[in-house]
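This briefing introduces a protein model together with its ligand. Please look at the sequence and the structure before reading the points below.

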Amino acid sequence: MLSLTGIHTFYGHVEALRGVDLQVEPGRIVTLIGANGAGKSTLLMTICGSPAARRGRILLEGEDITRLPTFEIMRRGLAHAPEGRRIFPRMSVLENLQMGAITTDASHFNADLERVFALFPILQKRQSQRGGTLSGGEQQMLAIGRALMSRPRLLLLDEPSLGLAPLVVKQIFDVIREINEQQKVTVFLVEQNAYHALRLAHHGYVMVNGKITLSGTGRELLANAEVRSAYLEGGH
Ligand SMILES: Nc1ncnc2c1ncn2[C@@H]1O[C@H](COP(=O)(O)OP(=O)(O)OP(=O)(O)O)[C@@H](O)[C@H]1O
Ligand SMILES: [Mg+2]
């Protein structure tokens, strides 16, 4: 579905991604774990074309999207729920969801909205509330819901569990599994919560300083000594 070969991304002279190779097979949940500053968010943003890769190639369903502008990439069935949620704080929940649907055909808006409300019933109750006044967990649900409104085939999630209480984290991860299994959306998940992410993922990658250092099934990485000492200290 998504294939990255030799991706290098720079911020000015600083090389944030230093030759990344990575595959996301269709129908899968693939996760990328790594410490602060490893380059995880940069990788998701590079897939979306901003900042664009300076070297390397990104294929989406076989098509080379490396040099396409972001709006052209997003039209091809990709949605990004960015780090820190980035919902529209002064718009209502419903308006935020409408913004997510802006690139798609209006004829299926109601059905899509119902699907999002079925995944996150709290959003239905809070429809007219301003996004910025939602709790952190609710804002994360809204960010995912907004991304789903564009009917993606590939969903990019940047640290959806960040700053959330354990119970809410579990709820978010359960929904990610449901989106993948029932709605057949391929998921590429970036996380620092390595334990949850690797348990959920079919396949995982570890990034250190802009390079992939390890990859394997979620189960393999959970059992890997290096992963355990660097990302799973203290059990989880
Ligand atoms: N707009 C920018 N301009 C300059 N440098 C940047 C910019 N954005 C990120 N960087 C740098 O690129 C590197 C990778 O950052 P990135 O945000 O991709 O890391 P990350 O793995 O997502 O970290 P975190 O887990 O803290 O979110 C860091 O050294 C960061 O300081
Ligand atoms: Mg990040």
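The points below cover the basis of the model, the ligand site and a surface patch.

This is a predicted model, in which local features need pLDDT of at least 70, side-chain atom pairs count only at pLDDT 80 or more, and totals for chains, interfaces and linings use all residues. Residues are numbered from 1 along each chain as its sequence is written, chains are lettered from A and ligands numbered from 1 in the order in which they are written, and side-chain values use heavy atoms, with hydrogens and water left out.

**Surroundings of ligand 1**
- Around ligand 1 there are 13 residues, of which Asn 36, Gly 37, Lys 40, Ser 41 and Thr 42 come nearest; a residue counts as near if one of its heavy atoms lies within 4 Å.
- Helix α1 (residues 40-47) gives the largest share of this shell, three residues; helices are DSSP runs (H or I, at least four residues).

**Polar contacts of ligand 1**
- An oxygen atom of ligand 1 lies 2.6 Å from an N or O atom in the side chain of Lys 40; a polar contact is a pair of N or O atoms within 3.5 Å.
- A polar backbone atom of Gly 39 is 2.9 Å from an oxygen atom of ligand 1.
- For Ala 38, a backbone N or O atom is 3.2 Å from an oxygen atom of ligand 1.

**Phe 88**
- Phe 88 is found in the loop between β6 (78-81) and α3 (93-100).
- Phe 88 is partly exposed, with a relative accessible area of 33%; partly exposed lies between buried (under 20%) and exposed (over 50%), with a 1.4 Å probe and protein chains only.

Terms used: Helices (H or I, at least four residues) and strands (E, at least two) are DSSP runs, numbered from the N terminus. A polar contact is a pair of N or O atoms within 3.5 Å; within protein, one must be able to donate a hydrogen and the other to accept it, and residues adjacent in sequence count only if both atoms are side-chain atoms.
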